[in-house]
Amino acid sequence: MKIKQINFSSIQQYLNYTDQHSNDHKIRLYRGQEESSWNLDSNLYRLVNDHKKVDDFYEIESNIFSDFKNSLASREPSTTERTDWEILAIGQH
């Protein structure tokens, strides 16, 4: 499959383009993999898959997230309770 590259000079130009083409179901955003044939799997999933533990993936992911939540709460206390989405955003950065 040939990937069409479109360059935008502003966010507004990008938003206009996606608004105009949102109903044709042909827009595919490419996140930057070197090879378009590579799966979009997380590092964690690849590691679990390499160790033949795919059946345990969600449990492993849940345990890592729980450990991170506990660590964050003790290292960076918050005056308000953080949602899981907020915690995931903090973990991403």
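This is a short dialogue on reading two helix packings and one pocket in a predicted model.

Colleague: Start with α3 and α4. How close do their axes come, and at what angle do they cross?

Modeller: Take the two axes and read off distance and angle. Here the axes of α3 and α4 come within 11 Å and cross at roughly 85°. Angles of 65 to 115 degrees count as roughly perpendicular, so α3 is roughly perpendicular to α4.

Colleague: Which residues of α3 and α4 meet?

Modeller: Look for heavy atoms within 4.5 Å. From α3 come F65, F68, K69 and L72. From α4 come D84, I87, L88, I90 and G91. By class, this contact has six nonpolar, one polar and two charged residues.

Colleague: Now α2. What is its angle to α3?

Modeller: Helix α2 covers residues 43–50. It packs against α3 at an angle of about 130°, with the axes 11 Å apart. That value lies outside the parallel, antiparallel and perpendicular ranges, so the two helices are oblique to each other.

Colleague: Is the crossing of α2 and α3 left-handed or right-handed?

Modeller: Compare the turn of the near helix with the far one. The crossing of α2 and α3 is right-handed. On the α2 side, L44, Y45 and V48 make the contact. On the α3 side, F57, I60, E61 and I64 do. The classes are six nonpolar, no polar and one charged.

Colleague: Let us move to the second largest pocket. What is its volume?

Modeller: The volume is about 290 Å³.

Colleague: Which helices supply at least two residues each of its lining?

Modeller: Map the lining residues onto the helices. α3 (57–75) and α4 (84–92) each supply at least two. α3 gives the most, with six residues.

Colleague: Which residues line the second largest pocket?

Modeller: Y58, E61, S62, I64, F65, F68, L88, G91 and Q92. They divide into five nonpolar, three polar and one charged.

Colleague: Which of these should I also look for in the helix contacts?

Modeller: Cross-check the lists. F65, F68, L88 and G91 line the pocket and also take part in the contact between α3 and α4. E61 and I64 line the pocket and also belong to the contact of α2 with α3.

Key. Residues numbered from 1 in each chain as written. Predicted model: local features only at pLDDT ≥ 70, side-chain atom pairs only at ≥ 80, totals over all residues. Heavy atoms only, no water. 1 Å grid on protein atoms, 1.4 Å probe; cavity = no way out; pocket = protein on both sides within 12 Å on 5 of 7 lines; lining within 4 Å. Points joined across faces, edges and corners; volume = space filled by probe spheres on them. Helix = DSSP H or I, 4+ residues; strand = E, 2+ residues; numbered from the N terminus. Nonpolar A, V, L, I, M, F, W, Y, C, P; charged D, E, K, R; others polar. Axes fitted to C-alpha atoms, helices over the stretch in contact; angles between N-to-C directions. Parallel < 35°, antiparallel > 145°, perpendicular 65-115°, else oblique. Left-handed = near helix turned anticlockwise from the far one by under 90°.
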